[in-house]
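Hi,

Here is the structure I promised to pass on. Have a look at it first, and then read my notes below.

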Amino acid sequence: MSWMTPYLVLLYLSAMISVALALLLWPRRSAPGAKPLIVLLLAVAEWALGSAFQLSQPTLSGQLFFSRLQYLGITLIPPAWLIFTMQFAGRLSASRQRQLTGAGLLGLCIEPILVNVLVWTNEAHHLIWSQASLL
């Protein structure tokens, strides 16, 4: 597959914009919601790049590898979005803010970790996708 189709250009562009926004937010990381928004933007960038690289691969094994890599970003988006919206809206009190460090953060990350384990061990159980083929 070609490296420069219109769709791939849009994926590369969205990844670059997401990284640029994360870099612009870095100096303002003490603002409410800035840190989870940076994580969210970087996860979106990773997802977009993974998707672009997956679509650029001529082999099934290459496409599966980049499909698996995408899940690292995909699964980080929901918890980062939740934390961002709660912080930005001022819905996290000081006590709840402390809960999002350590065990509370780990609790939010259990599902993304489990999904990634299932994705990377799919050949053993076929719970994520039962078959894969080139179109």
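**What I found**

Let's start with Cys-109, which sits in helix H5 (helices here are DSSP runs of H or I with at least four residues, strands are runs of E with at least two, and both are numbered from the N terminus). Before going on: this is a predicted model, where local features need pLDDT of at least 70, side-chain atom pairs count only at pLDDT 80 or more, and totals for chains, interfaces and linings use all residues. Residues are numbered from 1 along each chain as its sequence is written, and side-chain values use heavy atoms, with hydrogens and water left out.

Is Cys-109 buried or exposed? Neither: Cys-109 is partly exposed because its relative accessible area is 22% (buried means under 20%, exposed over 50%, partly exposed in between, with a 1.4 Å probe and protein chains only). Its C-alpha is 7.9 Å from that of Leu-76, and the two are 33 residues apart along the chain.

Thr-121 is in the loop between H5 and helix H6 (122–125). Thr-121 is also partly exposed, at 35% relative accessibility. Between Thr-121 and Gly-73 there are 17 Å, C-alpha to C-alpha, and 48 residues in sequence.

Now the pockets (on a 1 Å grid over the protein atoms alone, a pocket is an open set of points where a 1.4 Å probe fits, with protein on both sides within 12 Å along at least five of seven lines; lining residues have an atom within 4 Å of a point). The largest has a volume of about 300 Å³, counted as the space filled by probe spheres set on the points, which are joined across faces, edges and corners. Its lining has 18 residues, with Lys-35, Pro-36, Val-39, Ile-83 and Leu-105 nearest the centre. Helices H2 (34–56), H3 (60–88) and H5 (103–120) each give two or more residues to this lining, and H3 gives the most, with five. By class, 11 of the lining residues are nonpolar, five polar and two charged (Ala, Val, Leu, Ile, Met, Phe, Trp, Tyr, Cys and Pro count as nonpolar, Asp, Glu, Lys and Arg as charged, and the others, Gly among them, as polar).

The second largest pocket holds about 210 Å³ of space. Of its 10 lining residues, Gln-54, Leu-60, Gln-63, Ser-133 and Leu-134 lie nearest the centre. H3 again gives the most to the lining, here four residues. This lining has six nonpolar and four polar residues, but no charged ones.

Cheers
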